[in-house]
Amino acid sequence: METITKENIQVEIDETFLIQKKQSVQNRNQSVKERKVLLEKLLTWIKDNHTDIQKAIHADFKKPYAEIDISEIFVVTSEIKHALKHIDSWVKPKKVSTPLPMLGTKSYIHCEPKGTSLIIAPWNYPFNLALGPLVSALAAGCTAIIKPSELTPHTSALLRRLVGETFDKSQVALFEGEIEVAQMLLAKPFDHIFFTGSPAVGKIIMKAAAENLSSVTLELGGKSPAIIDANTDLKDASGKIIWGKFVNCGQTCIAPDYILVHHSVKDDFLKEIKTQIGKMYNSSGKGVVKSKDYARIVNGKHLKRLKNLLADAELKGAQKFYGGNIDETENFFEPTILTDLSEDMEVMQEEIFGPILPVITFDDLEEAINYINLKPKPLSLYVFSKDSNNIKRVIKETSSGGALANDCVIHFLQNELPFGGVNNSGIGKAHGYFGFLAFSNEKSVMHQRVGLTASKPLYPPYGFTSKKIIDSLLKWF
Ligand code: NAD
């Protein structure tokens, strides 16, 4: 058996890239029907291997099967079905109107495949975030190389099998491996790089992409706040927040990172939060650790990172309102609610990405808005209120990749909306038509008539007539 060396991988990457480069040129003539065949093959494999998918993701961090079905499998299958339904209209040239100075011309936007693409995925939704972008790449007619996360090896191995059994490597290939493999791939002149991960690594990706002027979609993270207004249905809001925060054990890019609650309802809100945790994760009364519906932290390194965040907060005066129990033998971290926080705590500075929920208070909405605006722009912002004016105000006066009123996280499933961040939380958008656009070059095409045209009188030598036309252009258009 051949041993896998860095040199072997490099050779394989070079070969695969070359094959895909050739294929990507041929893909310019790929029909919509051919793209649909690829998407249907993907859908069929997922349906046929449902149990294997569940087992692989569960083996990585004990993610509950129901959560796998909703947030990994359904998300991808619905993305495929959405693309199959709409791809005919997405690829149609979009006519644009002709302004008077362009009289005689016809113009339209033609979405051509960008070409070769690289998809780098994180570990937290290891199936969904590798395949969701692949659906967009295939719908747009791109070839793709996927680099899944090294931290979820069971899912990565399953994805390798999926790709091997479903696609020719000229269309879709996959390279497993550590950061070094990602770096080897990044050295290639891909036409588009779709990266999902942390803002810190996003900067590295963008620098590497700059070398080849590859376009990028960066789906990053950050601290997504949730505002609880004074006039809010607290029972409703806390149930939604507990689900959104603790699904996937808090390891969700759009999980509420911290709560800003109006001081007048803080105590009632905390009471409701406690009730909801009990209902969802401790109905047996034997502790959350016994719940089959609560996932685990992906590995010991991340557990330690979270432990340190908690220790730092407590050292600086934070109070544990709920939780805090940890079992290192199985990477268990209990849902943990913190109060009495201050800005010098790490938990208030970096993305938590785990089941710790800080709760801070505000006196009026302006204070909450100012607080959010002083931090980097979040990926998502949540506002819970019965007052539609307050909701409108928060959405208008803050900037975030997405905003959701009276719920959290579920906007990820709305594939008619663009999904993505802004600045620190990301560049570019994903999902549905917007994912298709990310992998497409919106080529502007204009057809001019032969013979007399509106622009010919403007050719030199510039005389009286051309001056008159230019003057009227400046005056009237
Ligand atoms: P990460 O940035 O550490 O790693 C993501 C991927 O990048 C992995 O495949 C990894 O191998 C690769 N990578 C890591 N370091 C690299 C380097 N130096 N050079 C090249 N490639 C490198 O992220 P993660 O820990 O896997 O995921 C967590 C982060 O992802 C969080 O910040 C979270 O908010 C974010 N995230 C964002 C979204 C979104 O849709 N916006 C979704 C999920 C996660």
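The following exercises, each with a worked solution, concern a predicted model of a protein chain.

**Exercise 1. Domain layout**

Determine into which domains the protein chain is divided, and state what distance separates their centres.

Solution. Begin with the division of the chain: domain 1 covers 6–220 + 428–441, and domain 2 covers 225–417. Next, take the centres over C-alpha atoms; those of domain 1 and domain 2 are separated by 31 Å. Finally, turn to the contact between the two, to which domain 1 gives 26 residues and domain 2 gives 24 residues.

**Exercise 2. The interface between the domains**

Describe how much area domain 1 and domain 2 bury between them, and which residues of domain 1 lose the most area.

Solution. The size of an interface is often expressed as the accessible area lost when the parts come together. For domain 1 and domain 2 this buried area is about 2100 Å², with 56% of it on carbon and sulfur atoms. On the side of domain 1, the residues that lose the most area to domain 2 are Phe61, Trp123 and His431, which together account for 26% of what that side buries.

The next step concerns polar interactions. Across this interface there are 0 salt bridges, whereas 7 residue pairs are in polar contact, both residues being at pLDDT 80 or more.

The last step assigns the surface of domain 1 to helices. At least two residues each come from helix 3 (50–61), helix 4 (65–91), helix 5 (128–140) and helix 14 (432–438). Helix 4 supplies the largest share, 7 residues. By residue class, the side of domain 1 that touches domain 2 contains 12 nonpolar, 8 polar and 6 charged residues.

**Exercise 3. Strand pairing**

Establish the strand order of the open sheet of 6 strands, and identify its edge strands.

Solution. The order is 5-4-3-6-7-17, and the pairing is mixed. Strand 5 (172–174) and strand 17 (426–427) are the edge strands, since each pairs on one side only. Within the order, strand 6 (residues 192–196) and strand 7 (residues 215–219) provide a parallel pair with 5 bridges. Phenylalanine 195 has leucine 218, in strand 7, as its bridge partner.

Antiparallel pairing can then be examined around strand 2. Strand 1 (residues 94–96) and strand 2 (residues 106–113) run antiparallel and are joined by 3 bridges; here lysine 95 has tyrosine 108 as its bridge partner. Strand 2 also runs antiparallel to strand 18 (residues 440–447), with 8 bridges between them. In that pairing, the bridge partner of serine 107 is methionine 446.

**Exercise 4. A salt bridge between helices**

State how many salt bridges the whole structure contains, and explain what the pair of lysine 36 and aspartate 88 ties together.

Solution. A search of the whole structure gives 21 salt bridges. Side chains of opposite charge can pair when their charged atoms come close. For lysine 36 and aspartate 88 the N to O distance is 2.7 Å, which lies within the 4 Å cut-off for a salt bridge. Lysine 36 belongs to helix 2 (residues 32–48) and aspartate 88 to helix 4, so the pair links parts that are 52 residues apart in sequence.

**Exercise 5. Backbone exceptions**

Locate proline 461 and lysine 62, and describe the backbone geometry at each.

Solution. As background, most residues other than glycine have a negative phi, and most peptide bonds are trans. The peptide bond from proline 460 to proline 461 is cis, with omega near 5 degrees. Proline 461 is found in the loop between strand 18 and helix 15 (464–476). Lysine 62, although not a glycine, has a positive phi of about 50 degrees. Lysine 62 is placed in the loop between helix 3 and helix 4.

Note on methods
Residues numbered from 1 in each chain as written. Predicted model: local features only at pLDDT ≥ 70, side-chain atom pairs only at ≥ 80, totals over all residues. Heavy atoms only, no water. Domains from an automatic or database assignment. Contact = heavy atoms within 4.5 Å. Buried area = accessible area lost by both parts, 1.4 Å probe. Salt bridge = Lys/Arg side-chain N within 4 Å of Asp/Glu carboxyl O. Polar contact = N/O pair within 3.5 Å; in protein donor to acceptor, adjacent residues only side chain to side chain. Helix = DSSP H or I, 4+ residues; strand = E, 2+ residues; numbered from the N terminus. Nonpolar A, V, L, I, M, F, W, Y, C, P; charged D, E, K, R; others polar. Pairing = 2+ DSSP bridges.
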